Structures are given as structure tokens and as C-alpha cells.
Amino acid sequence: MTNQPRPQADVPPAPELFTWEFATDPYPAYAWLREHAPVHRTELPSGVEAWLVTRYADAKEALADQRLSKNPAHHDEPAHARGKTGIPGERKAELMTHLLNIDPPDHTRLRRLVSKAFTPRRVAEFAPRVQELTDRLLDRFAGEGEADLIHDFAFPLPIYAICDLLGVPREDQDDFRDWAGMMIRHGGGPRGGVARSVKKMRGYLLELIHRKRAELPARPAPGEDLISGLIRASDHGEHLTENEAAAMAFILLFAGFETTVNLIGNGAYALLTHPEQRARLQRSLTEDGGDHSLLETGIEELLRYDGPVELATWRYATEPLRIGGQDIAPGDPVLVVLAAADRDPARFTDPDALDLSRRDNQHLGYGHGIHYCLGAPLARLEGRTALATLLTRLPDLRLAANPAELRWRGGLIMRGLRTLPVQFAPER
Ligand code: HEM
């Protein structure tokens with residue numbers, strides 16, 4: 001039983017999904033789905049069937065609908081669901097008990113714990129460190145006249161930032177960068193190396209949690225790291241198992257890494273291919289006395305226009321339900337297509353245009369409901385710092401490749417470029 005569209009004379013043919021052309025520019029296909037098959041059952045490249053929800057109103061409702069569980073045990077094909085949680089190489093039960101895989105009441109308990117440790121104040125205190133990291137990375141290539149913005153800039157920044165926030169010692173951070181690099185490069189590919197990287201990361205995190213627990217001072221010092229904060233929160237009345245703590249650290253790394261790489265990468269690409277918008281932003285940062293309001297609305301617009309998370313992570317119907325008039329059976333997987341919802345003309349004026357000053361912009365780039373992105377304040381801080389510093393220090397930055405030749409990373413959940421070659425006048 002599907003809602004496969006009936007052929008009609010005046011309806012253009014259904015687009016092919018998950019091809020190379022689709023990866024390069026999925027938006028025309030999403031426009032077709034929104035119009036002709038807004039809740040559409042399809043076979044994914046992995047062979048698993050799932051419903052794609054593409055209209056804004058349906059997407060928002062589905063994200064908040066708790067009859068859609070995050071627990072893969074609810075999938076009608078549990079064998080398929082294992083390892084299909086959006087985390088490459090994640091097959092072992094140990095790392096499965098993280099926020100994006102669980103429902104209330106466990107989700108409520110764990111989210112409360114991590115929210116205590118991951119406060120907006122902690123993120124705000126972190127701003128000078130993000131600026132320092134950004135400048136250090138730029139120093140490495142600003143004199144060269146050319147760079148790959150993904151490899152040299154977007155990729156290293158978030159991993160070092162999250163390692164710092166979690167409290168991973170500096171001398172170990174390059175190991176994390178390598179493990180994360182393996183996950184991002186081979187997310188949908190060879191499993192062996194990815195599984196080994198995940199295992200190493202987990203082993204390291206468990207040991208670090210042990211060590212920090214043993215050395216935890218009685219009172220929190222200013223600027224205490226997040227893992228210590230988590231241990232402290234769990235030692236004060238609320239239970240957090242060691243596996244849960246490791247899974248939490250892991251999901252923070254995982255959820256906060258490739259997403260932010262893509263925010264910086266997709267954002268820089270959108271600016272480079274929209275010269276007028278980019279010039280406006282550049283002027284506001286330099287000539288208008290450093291007015292950052294356009295940067296603030298601009299980051300939100302970059303998230304809406306070509307956001308890092310193309311599809312929200314997996315959800316499974318726990319009972320018969322209807323989305324957008326379509327019946328969904330218990331056990332059916334539902335994928336909410338954030339990228340399609342955020343270009344819905346029923347919600348956004350002129351949705352395919354990039355308008356950095358867009359005000360009415362309640363995009364779904366960070367999700368919605370109880371799983372709304374926990375790291376949004378950190379992501380905004382990193383995105384703002386990275387893009388503003390880039391445009392200010394390298395004012396004549398330009399794309400050094402034909403957009404049609406740029407490769408996008410395959411993979412279901414995330415949307416991001418593999419490389420972003422640029423040229424600029426070398427900084428002296
Ligand atoms: C959840 C997007 C950065 C941590 C989510 C969700 C989205 C999202 C769409 C919800 C997924 C769903 O409902 O299926 C983004 C984007 C980011 C970003 C676009 C960057 C621009 C970060 C960062 C961190 C983070 C930097 C942390 C360091 C999390 C966590 C969750 C989450 C822990 C799960 C929350 C829960 O289930 O309660 N994110 N994220 N994210 N994000 Fe982010």
C-alpha cells in the first residue's frame with residue numbers, strides 16, 4: 001500500500017531520487033514530491049523502505065509526534081534497523097543509548113542531565129576559544145592564495161571545538177580528528193575502518209570518563225569541561241550509567257561534527273555563488289561599523305537555504321497514524337525531509353532565493369520538538385565566527401571550481417561538499 005503518484009498527462013514524470021544529479025541538487029526533486037507526493041514511500045539505497053515527508057506543515061507535525069518513536073526496536077524490519085541510526089559504524093548496543101535513539105522517559109532524563117552541563121552560558125564563555133581556533137586555522141593557509149575550505153577549514157574547526165568543550169586533552173585531539181575523518185569520509189562506505197574508529201573513540205571516551213571521575217574536584221571550577229559537568233550532574237541524584245555517559249559524549253561529537261562542517265561548507269558555498277548577498281554581508285561586517293545583525297539572520301537563512309541536515313534522523317510509527325492524509329502502518333520508518341520542508345512555498349516567500357535578511361524564518365534546520373538540536377547555540381557561534389572571519393580576512397575569496405563539478409558527499413542524513421576549492425589574494 002503506497003501513495004505512489006498516479007500518472008497524469010500534465011504532471012511531469014517522477015524524479016529519480018538518490019542519483020548523482022540528486023545529490024548535487026535535490027531541490028527540484030523535493031519540489032516535485034512536495035507537490036505531487038508529499039508523503040511518499042520509497043526504497044532507499046540501502047534497500048530499506050521508508051516514508052519521505054516533504055511539506056513544511058507535515059514535517060513540523062511529524063517531528064513533534066511522539067507516536068513516532070526514535071527507538072529502532074520499533075522498526076518492522078529490526079534487522080535492517082540495526083546500524084541505520086545515522087551514525088556510521090554504530091552497530092553495538094553500547095553506543096545506541098543516545099538522545100537521538102531513545103524516547104521519553106529515558107530521553108527526558110538524559111536530555112535534562114546534558115542540558116545542565118551544556119548551558120548557553122558555557123557556550124558563550126567559549127566564544128574567544130572558537131575565534132582563536134578559527135584564526136589559527138586561517139593562519140595556516142591565508143598566505144597561500146588557495147585552499148580547500150572543507151579540508152583546511154570547515155573540517156578541523158568543529159572537531160577541535162567539541163573536543164575542547166568536552167574536555168579531551170589537546171594532545172589527544174588529533175586522534176579524534178583522524179577517527180572523525182574516517183567516519184565522515186567513509187560514512188556510507190567501507191564499514192571495517194569506520195567500525196574500528198568508532199570502537200577506538202568509545203574505548204578512549206570510557207577511559208577519559210573514568211579518569212575524570214577519579215580526579216573530579218569537590219566544587220566545579222570556572223570553565224569546567226562538559227564531561228566533568230556530566231559526571232557531576234549524574235553524581236548528584238540522577239543516574240547516568242558509564243555507557244550512557246560515553247554514548248552522550250559520542251553523540252555530542254557525532255551530532256556536532258559533520259553538521260557544523262556542512263554549515264561552514266554549504267554556507268561558504270552559498271555565499272560564493274550569490275555575490276550580491278555575499279557583498280552585502282561583507283559590507284555589514286566591515287564598513288557599517290561591524291553591524292552583526294545581518295550575520296545573525298544570515299546564518300539562519302543559510303541553514304534554511306541549504307542546511308547541513310537534509311533528512312532528520314529515523315523515526316518509526318508505533319501505532320497506525322496519518323501524516324498529510326496518508327496512512328502509516330506501525331513499524332514503518334518515517335524520514336522527515338528538512339531540506340524539502342525549508343523550501344516549501346506554502347511557508348516561505350520565494351523559498352528558492354537566498355535572502356540573508358529574511359526575518360520570517362522559522363526553519364526546521366535544527367529539527368523541532370523534544371529532539372530539537374541541543375547544540376544549536378554552539379553551531380550558531382561556530383558558523384558566525386567561521387564565516388565572518390573568512391570574509392573579513394580574505395575579502396576577495398572566490399570559488400576555484402565549476403559548481404557543476406563539485407562533489408557532494410553521499411549518505412542519507414547529511415548534505416555537504418567533499419571539497420570546496422577557493423582562491424584569494426594571499427594575506428601578508
Ligand atoms: C539534534 C541539526 C550542530 C548536538 C539535532 C537535530 C537536528 C540537528 C536537525 C534533530 C534530529 C532529529 O530530530 O531527528 C544540527 C545542525 C547543526 C547541529 C544543522 C549545525 C549547524 C550540533 C552541535 C551539537 C549538536 C554543534 C553539539 C555539540 C545535537 C544533539 C541532538 C541534536 C545532542 C539530539 C537532541 C535530542 O535528541 O534530544 N541537531 N545540529 N548539534 N543535535 Fe544538532
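**Exercise 1. Two helices in contact**

In which hand of crossing does α7 pass α9: left-handed or right-handed? Then describe the contact.

Solution.
- The model is predicted.
- Step 1: the crossing of α7 past α9 is right-handed.
- Step 2: place the helices. α7 covers residues 127-141 and α9 covers residues 156-166. They pack at about 145°, and their axes are 10 Å apart.
- Step 3: list the residues. α7 brings Arg129, Val130, Leu133, Thr134 and Leu137. Facing them in α9 are Pro156, Leu157, Tyr160, Ala161 and Asp164.
- Step 4: sort this contact by class. Seven residues are nonpolar, one is polar and two are charged.
- Step 5: account for the spacing. Residues three or four places apart on an α-helix point the same way, because each turn takes 3.6 residues.

**Exercise 2. The shell around the ligand**

State which residues come nearest to the ligand, and find which element gives the largest share of the shell.

Solution.
- Step 1: the ligand has 26 residues around it. Gly256, Thr259, Gly367, Cys373 and Gly375 come nearest.
- Step 2: look for elements that give two or more residues. These are α13 (242-272) and α17 (376-393).
- Step 3: the largest share belongs to α13, with seven residues.
- Step 4: split the shell by class. It holds 16 nonpolar residues, nine polar and one charged.

**Exercise 3. A hairpin and a helix that packs on it**

Describe how β1 and β2 pair. Then name the buried residues of α2 and what they pack against.

Solution.
- Step 1: β1 (residues 39-43) and β2 (residues 49-53) run antiparallel, joined by five bridges.
- Step 2: take one pair. His40 has Leu52 in β2 as its bridge partner.
- Step 3: check the turn. Five residues lie between the strands, and Gly47 in this hairpin has a positive phi near 95°.
- Step 4: turn to α2, residues 27-36. Ala29, Tyr30, Trp32, Leu33 and Arg34 are its buried residues.
- Step 5: those buried residues pack against both strands of the hairpin, β1 and β2, and also against α1 (20-24) and α16 (338-341).

**Exercise 4. An open sheet**

Give the strand order of the sheet that holds β4, β10 and β9, and name its edges.

Solution.
- Step 1: three strands form this open sheet, in the order β4-β10-β9, with antiparallel pairing.
- Step 2: find the strands that pair on one side only. They are β4 (146-148) and β9 (398-399), the edge strands.
- Step 3: follow β9 to β10 (residues 421-423). Two bridges join them, and Leu399 stands opposite Val422.
- Step 4: recall what holds such strands. Backbone hydrogen bonds pair the strands of a sheet, parallel or antiparallel.

**Exercise 5. Backbone details**

Locate the cis peptide bond between Pro104 and Pro105. Then compare the settings of Phe18 and Asp350.

Solution.
- Step 1: the cis bond between Pro104 and Pro105 has an omega of about 5°. Pro105 sits in the loop between α4 (78-81) and α5 (106-117).
- Step 2: Phe18 has a positive phi, near 65°, though it is not glycine. Phe18 lies in the segment before α1.
- Step 3: Phe18 is partly exposed, because it has 15 C-beta neighbours inside 10 Å.
- Step 4: Asp350, also not a glycine, has a positive phi near 45°. Its place is the loop between α16 and α17.
- Step 5: Asp350 has 9 other C-beta atoms within 10 Å, so Asp350 is exposed. The cut-off for exposed is 12 or fewer.

Key:
Residues are numbered from 1 along each chain as its sequence is written. This is a predicted model: local features need pLDDT of at least 70, side-chain atom pairs count only at pLDDT 80 or more; totals for chains, interfaces and linings use all residues. Axes are lines fitted to C-alpha atoms, for helices over the stretch in contact, and angles run from 0 to 180 degrees between N-to-C directions. Helices (H or I, at least four residues) and strands (E, at least two) are DSSP runs, numbered from the N terminus. A crossing is left-handed if the near helix is turned anticlockwise from the far one by less than a right angle, and right-handed if clockwise. Two residues are in contact if their C-beta atoms, placed from the backbone, lie within 7 Å. Ala, Val, Leu, Ile, Met, Phe, Trp, Tyr, Cys and Pro count as nonpolar, Asp, Glu, Lys and Arg as charged, and the others, Gly among them, as polar. A residue is near a molecule or strand if its C-beta atom, placed from the backbone, lies within 6 Å of it. Two strands pair if DSSP finds at least two bridges between them. A residue is buried if 20 or more other C-beta atoms lie within 10 Å of its own, exposed if 12 or fewer, and partly exposed in between; C-beta atoms are placed from the backbone.
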